[in-house]
Amino acid sequence: MSKCFSRVFLSVGAVILFICSGTNAGHAQSNDSLLKIYNTQTIQTSGTHFIKGGTRLTFRDLKSDFTSGITKDLYKKAKGDKILGGAFTVTAVGALVTGIIVRKNNNALASVLTGFAIGLNLSSLHFRNRSTQLLDRAIWHRNKEILFRVAD
C-alpha cells in the first residue's frame with residue numbers, strides 16, 4: 001500500500017513541478033533580449049531549407065552567415081561534400097543508363113556498369129550525409145556565437 005502511495009505522490013509532485021517550471025520560464029524571457037536575438041538571428045533547419053528570422057534560406061544563401069574561422073571552414077567542407085555527392089549521383093545515373101543501353105549487346109559490361117552505379121550511389125549518400133552533418137555543426141557553432149558572443 002505504501003509503495004502505491006509513494007508512486008502516486010512522486011507522479012503528482014513531478015507533474016506539479018513540471019507545470020510550475022514551465023510557467024515561470026515563459027514569463028521570465030518574454031521581453032528578454034536573448035529571446036529576440038534567438039528569434040531574429042539564429043538559423044533553424046527545415047528539411048532542405050533553413051529559416052533565419054522568419055526568412056526561408058537555401059544552402060547557397062547561408063554563405064554570408066558563416067564568417068568566423070570554424071563556421072566558414074565547416075560550411076566550405078559541407079559545400080564541397082554536397083557538390084561531390086551530386087557529381088557521384090549524376091555519374092551513377094549515367095552509368096546506369098549506359099548499362100541499360102548496352103545490356104542487349106554486352107551483358108557483362110551492363111552488369112559492371114550497374115555495380116559501378118550502385119557503388120557511386122552509396123558514395124553519393126555518404127558525401128551528402130557528411131555534408132549535412134558538417135552544415136549542422138556549422139549552424140550550431142554560428143548560433144552559439146550569436147547567442148553567447150563566443151567564438152571557438
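Three salt bridges turn up in this structure, which is a predicted model. Two of the bridges share a partner, with K52, D65 and R142 linked in a network; D81 and R130 make a salt bridge as well. Besides these pairs, there's a three-stranded open sheet to look at, with helix α4 packed on it.

**The K52, D65 and R142 network**

- K52 and D65 form a salt bridge, and their closest N and O atoms sit 2.7 Å apart.
- That pair connects distant parts of the chain: K52 belongs to strand β2, while D65 is in the loop between β3 and α3 (69-102), 13 residues away.
- How exposed is K52? Its relative accessibility is 24%, so K52 counts as partly exposed, given that buried means under 20%.
- D65 falls on the other side of that cut-off: with a relative accessible area of 13%, D65 is buried.
- D65 also meets the side chain of R142 in a salt bridge, at 3.7 Å from N to O.
- This second pair spans distant parts of the chain too, since R142 lies in helix α4 and D65 in the loop between β3 and α3, 77 residues apart.
- Both R142 and D65 are buried.

**The D81 and R130 pair**

- The side chains of D81 and R130 meet in a salt bridge, with an N to O distance of 2.7 Å.
- What does this bridge tie together? D81 is in helix α3 and R130 is in helix α4, so the pair joins parts that lie 49 residues apart in sequence.
- D81 has a relative accessible area of 8%, so it is buried.
- R130, at 36% relative accessibility, counts as partly exposed.

**The sheet and helix α4**

- The open sheet has three strands in the order β1-β2-β3, and the pairing is antiparallel.
- Which strands are at the edges? They are β1 (43-46) and β3 (55-57), each of which pairs on one side only.
- On average, neighbouring strands of this sheet are turned by 35° against each other, ignoring direction.
- Strand β2 (residues 49-52) pairs with β1 in the antiparallel sense, over four bridges.
- Within this part of the sheet, T45 stands opposite F50 in β2.
- Helix α4 (residues 107-148) packs on the sheet and touches β1 and β2; the direction of α4 makes about 150° with that of β1.
- To bring the topics together: α4 holds R142 and R130, and this helix packs on the sheet.

Terms used: Residues numbered from 1 in each chain as written. Predicted model: local features only at pLDDT ≥ 70, side-chain atom pairs only at ≥ 80, totals over all residues. Heavy atoms only, no water. Pairing = 2+ DSSP bridges. Helix = DSSP H or I, 4+ residues; strand = E, 2+ residues; numbered from the N terminus. Axes fitted to C-alpha atoms, helices over the stretch in contact; angles between N-to-C directions. Contact = heavy atoms within 4.5 Å. Salt bridge = Lys/Arg side-chain N within 4 Å of Asp/Glu carboxyl O. Buried < 20%, exposed > 50% of the residue type's maximum accessible area, 1.4 Å probe, protein only.
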